[in-house]
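These are my notebook entries from a session spent looking up helix packing, charged pairs and a few backbone angles. I wrote them down in the order in which I went through them.

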Amino acid sequence: MRCPYCSAPESKVVNSRPSDDGASIRRRRECLNCARRFTTYERAQLEPLMVVKRSGPREAFNPDKLLRGLTLASEKRPVDGDALRAFAYGFEDDVQAAEIRSEEIGRRAMTFLRPLDDVAYIRFASVYRDFDSLERFIEEIRGLKDEG
């Protein structure tokens with residue numbers, strides 16, 4: 001493992017332990033050149049989760065794309081960015097299938113956002129559900145009001 005500080009090619013493992021409920025291994029390393037310590041994570045590389053788009057094509061799941069949508073919906077709202085990152089980067093681990101429909105990703109994201117912030121939820125829903133009229137938008141807001 002190359003040192004992130006001095007780029008030396010050699011380091012030694014100082015400590016190793018399971019992380020993320022055994023899904024990865026956390027290793028503390030020490031550079032043999034500069035003696036600085038850093039942490040690495042090791043995890044199995046599985047086949048990527050494939051997303052089936054509405055129009056039919058398939059593409060590999062990209063947590064950055066999901067995070068970007070959640071972040072845009074939550075912009076200037078009191079939503080914890082760490083929670084958004086944890087959801088987006090943990091999403092693939094929660095799916096127990098080789099592929100998922102993009103509509104299901106949107107539904108799960110809305111379920112995640114709903115208890116966090118009503119405005120972020122509505123913003124995300126307006127893009128995900130592609131509201132075609134002001135009436136449909138108002139109907140969704142009324143549904144929130146009736147639930148809360």
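**Entry 1: alanine 120**

I began with alanine 120, which lies in helix α4, in what is a predicted model. Is alanine 120 buried or exposed? I found a relative accessibility of 0%, so alanine 120 counts as buried. Leaving aside residues up to four places away in sequence, I listed Ala73, Ser74, Val79 and Leu113 as the residues that alanine 120 touches. For one of these, alanine 73, I also looked up the backbone distance, and the C-alpha atoms of alanine 120 and alanine 73 are separated by 4.8 Å although the two residues are 47 residues apart along the chain.

**Entry 2: α3 against α4**

From alanine 120 I went on to the helix pair that includes α4. Helix α3 covers residues 102–113 and helix α4 covers residues 118–128, and I noted that they pack at an angle of about 165° with their axes 9 Å apart. Because angles over 145 degrees count as roughly antiparallel, that makes α3 roughly antiparallel to α4. I recorded the crossing of α3 and α4 as left-handed.

Which residues of the two helices meet? On the α3 side I wrote down Ser102, Glu103, Gly106, Arg107, Ala109, Met110 and Leu113, and on the α4 side Ala120, Tyr121, Phe124, Ala125 and Tyr128. Sorted by class, this contact of α3 with α4 has 8 nonpolar, 2 polar and 2 charged residues.

**Entry 3: α1 against α2**

I then looked up the other helix pair on my list. I found α1 and α2 packed at an angle of about 150°, their axes 8 Å apart, and that makes α1 roughly antiparallel to α2. Here α1 passes α2 in a right-handed crossing. From α1 the contact takes Pro63, Asp64, Leu66, Leu67, Leu70 and Thr71, and from α2 it takes Leu84, Arg85, Phe87, Ala88, Tyr89 and Phe91. By class I have the residues of this contact as 9 nonpolar, 1 polar and 2 charged.

While in α2 I also checked alanine 83, which is found in that helix and counts as partly exposed at 24% relative accessibility. Between alanine 83 and glutamate 139 I noted a C-alpha to C-alpha distance of 28 Å, with the two residues 56 residues apart in sequence.

**Entry 4: salt bridges**

How many salt bridges does the structure hold? The total is 13, and I followed up several, beginning with glutamate 103, which had already appeared in the α3 contact with α4.

Glutamate 103 forms a salt bridge with arginine 54, and their closest N and O atoms are 3.7 Å apart. This pair links distant parts of the chain, with glutamate 103 in helix α3 and arginine 54 in the loop between β4 (50–52) and β5 (58–60), 49 residues apart. Glutamate 103 has 24% relative accessibility and so counts as partly exposed. I also noted that Arg54, Arg101 and Glu103 are linked in a network of salt bridges.

For arginine 77 and aspartate 117 the closest N and O atoms of the salt bridge are 2.9 Å apart. Arginine 77 lies in the loop between α1 (63–73) and α2 (81–94), and aspartate 117 in the loop between α3 and α4, so this pair ties together parts that are 40 residues apart in sequence. I entered arginine 77 as partly exposed, with a relative accessible area of 31%, whereas aspartate 117 is buried, with a relative accessible area of 7%.

The last pair I looked up was lysine 65 with glutamate 59, a salt bridge whose closest N and O atoms are 3.2 Å apart. Lysine 65 counts as partly exposed at 39% relative accessibility, and glutamate 59 counts as partly exposed at 31%.

**Entry 5: positive phi angles**

I finished with the backbone. Most residues other than glycine have a negative phi, and I therefore made a note of exceptions. Serine 7 has a phi near 65°, a positive value in a residue other than glycine; serine 7 lies in the segment before β1 (11–19) and, at 42% relative accessibility, counts as partly exposed. Alanine 35 likewise has a positive phi, near 65°. I placed alanine 35 in the loop between β2 (24–31) and β3 (37–43), and with a relative accessible area of 48% alanine 35 is partly exposed.

Definitions and conventions. Residues are numbered from 1 along each chain as its sequence is written. This is a predicted model: local features need pLDDT of at least 70, side-chain atom pairs count only at pLDDT 80 or more; totals for chains, interfaces and linings use all residues. Side-chain values use heavy atoms; hydrogens and water are left out. Axes are lines fitted to C-alpha atoms, for helices over the stretch in contact, and angles run from 0 to 180 degrees between N-to-C directions. Helices (H or I, at least four residues) and strands (E, at least two) are DSSP runs, numbered from the N terminus. Angles under 35 degrees count as roughly parallel, over 145 as roughly antiparallel, 65 to 115 as roughly perpendicular and the rest as oblique. A crossing is left-handed if the near helix is turned anticlockwise from the far one by less than a right angle, and right-handed if clockwise. Contact means heavy atoms within 4.5 Å. Ala, Val, Leu, Ile, Met, Phe, Trp, Tyr, Cys and Pro count as nonpolar, Asp, Glu, Lys and Arg as charged, and the others, Gly among them, as polar. A salt bridge is a side-chain nitrogen of Lys or Arg within 4 Å of a carboxyl oxygen of Asp or Glu. Buried means under 20% relative accessible area, exposed over 50%, partly exposed in between (1.4 Å probe, protein chains only).
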